[in-house]
Amino acid sequence: MFNPLGPPLDVLTRTKSQSRPAHRSSKSTPQPLEAASPAARAAIALEYASLRNRSHCPLGLYVVPAADTILIWDAVLFIHQGYYADSILKFKLTFPSNYPERPPTVQFINDVFHPLISSNGTFSLMPQFRAWRPNQHHVFDVLHFIKAAFKRDVLDKIEEADCLNKEAYKYHESTTSFAALATQTSSLSHSDTALYEKDQLSLKTKPLHAMPFSKLKAKTLKEERERLGLKEWKMDQ
């Protein structure tokens, strides 16, 4: 059965380090991270293991650690309802070397029009974590807030002081205009450039993501549908 959290860390590290393309541009390679203490690494590994609890990893959200460091996790969020319905949003969590004393930072890879997301993809955790409390706040709390931030009830309560995109905060003034721009975010998230690894390699300013998508050939898709017992979708006449 497909696991949204991927394989165990030891297996993941071995397989991904063997398959990572060697021709990636140095411009898109992240700067070296400060070495984490053994305690921090153990805390992060435990956080990842805890996501196997069904209530910890939000539905529609998939997470996998980077191949070369546990300090970076790559994630994909599939949104099914609301202003951002049908969006496929990729983001990264980067842990500080002294985790859990400080929270992870969140950066979206996609261009997302949202009050809490800056032009470079940085996501503000302030509305939910005004003061980070080590060993009380956890990564699964962060993931649940990220998903909730795209829902109407959270958008309605966001304060301007916490916003990284002041234009998107005007949501309160015109939900119609906001809805149109959120729909545009969804449409752009389906583009080849946003989804597929081969296209991302040409975007030097975008950080690479550990979960690339690839197009399925019609034959492969048919075989997978048969294997899983899925029926063909038929459009209403």
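The following exchange introduces a predicted model of a protein.

Trainee: Which element of the protein has the lowest mean pLDDT?

Mentor: Over the whole protein the mean pLDDT is 82, and 78% of the residues reach 70 or more. Residues 1-31, however, stay under 50. Where pLDDT is low, the predicted coordinates should not be read in detail. Strand 5 (residues 122-123) has the highest mean among the elements, at 98, while the lowest, 38, belongs to helix 1 (residues 9-19).

Trainee: To which strands is strand 3 joined by bridges?

Mentor: Strand 2 (residues 72-78) runs antiparallel to strand 3, and seven bridges join the two; within this pairing, isoleucine 72 stands opposite threonine 94. Another antiparallel pairing has four bridges and involves strand 4 (residues 105-108), where phenylalanine 108 is the bridge partner of phenylalanine 91. The strands asked for are therefore strand 2 and strand 4, by the criterion that two strands pair if DSSP finds at least two bridges between them.

Trainee: Why is strand 3 described as largely enclosed by the rest of the structure?

Mentor: A residue counts as buried when its relative accessible area is under 20%. Strand 3 covers residues 88-94, and it is largely enclosed because the number of buried residues among its seven is six.

Trainee: How many residues of helix 3 are buried?

Mentor: Helix 3 spans residues 139-148 and is mostly covered. Its buried residues are Val139, Phe140, Val142, Leu143, Phe145, Ile146 and Ala148. Of the 10 residues in the helix, the buried ones number seven.

Trainee: Is asparagine 135 buried or exposed?

Mentor: Asparagine 135 is found in the loop between strand 5 and helix 3, and its phi is near 70 degrees, a positive value in a residue other than glycine. Exposure requires a relative accessible area over 50%. The value for asparagine 135 is 59%, so this residue is exposed.

Trainee: Which residue does a cis peptide bond join to tyrosine 99?

Mentor: Most peptide bonds are trans. In this cis bond, omega is about 15 degrees. The partner of tyrosine 99 has its place in the loop between strand 3 and strand 4, and that partner is proline 100.

Trainee: What is the volume of the second largest pocket?

Mentor: The second largest pocket is lined by 10 residues, with Phe213, Ser214, Lys215, Leu216 and Leu221 nearest its centre. Eight residues of the lining are nonpolar, one is polar and one is charged. The volume of this pocket is about 480 Å³.

Key. Residues are numbered from 1 along each chain as its sequence is written. This is a predicted model: local features need pLDDT of at least 70, side-chain atom pairs count only at pLDDT 80 or more; totals for chains, interfaces and linings use all residues. Side-chain values use heavy atoms; hydrogens and water are left out. Buried means under 20% relative accessible area, exposed over 50%, partly exposed in between (1.4 Å probe, protein chains only). pLDDT is the predictor's confidence in each residue, from 0 to 100. Contact means heavy atoms within 4.5 Å. On a 1 Å grid over the protein atoms alone, a cavity is a set of points where a 1.4 Å probe fits but cannot get out, and a pocket is an open set with protein on both sides within 12 Å along at least five of seven lines; lining residues have an atom within 4 Å of a point. Grid points are joined across faces, edges and corners, and a volume is the space filled by probe spheres set on the points. Ala, Val, Leu, Ile, Met, Phe, Trp, Tyr, Cys and Pro count as nonpolar, Asp, Glu, Lys and Arg as charged, and the others, Gly among them, as polar.
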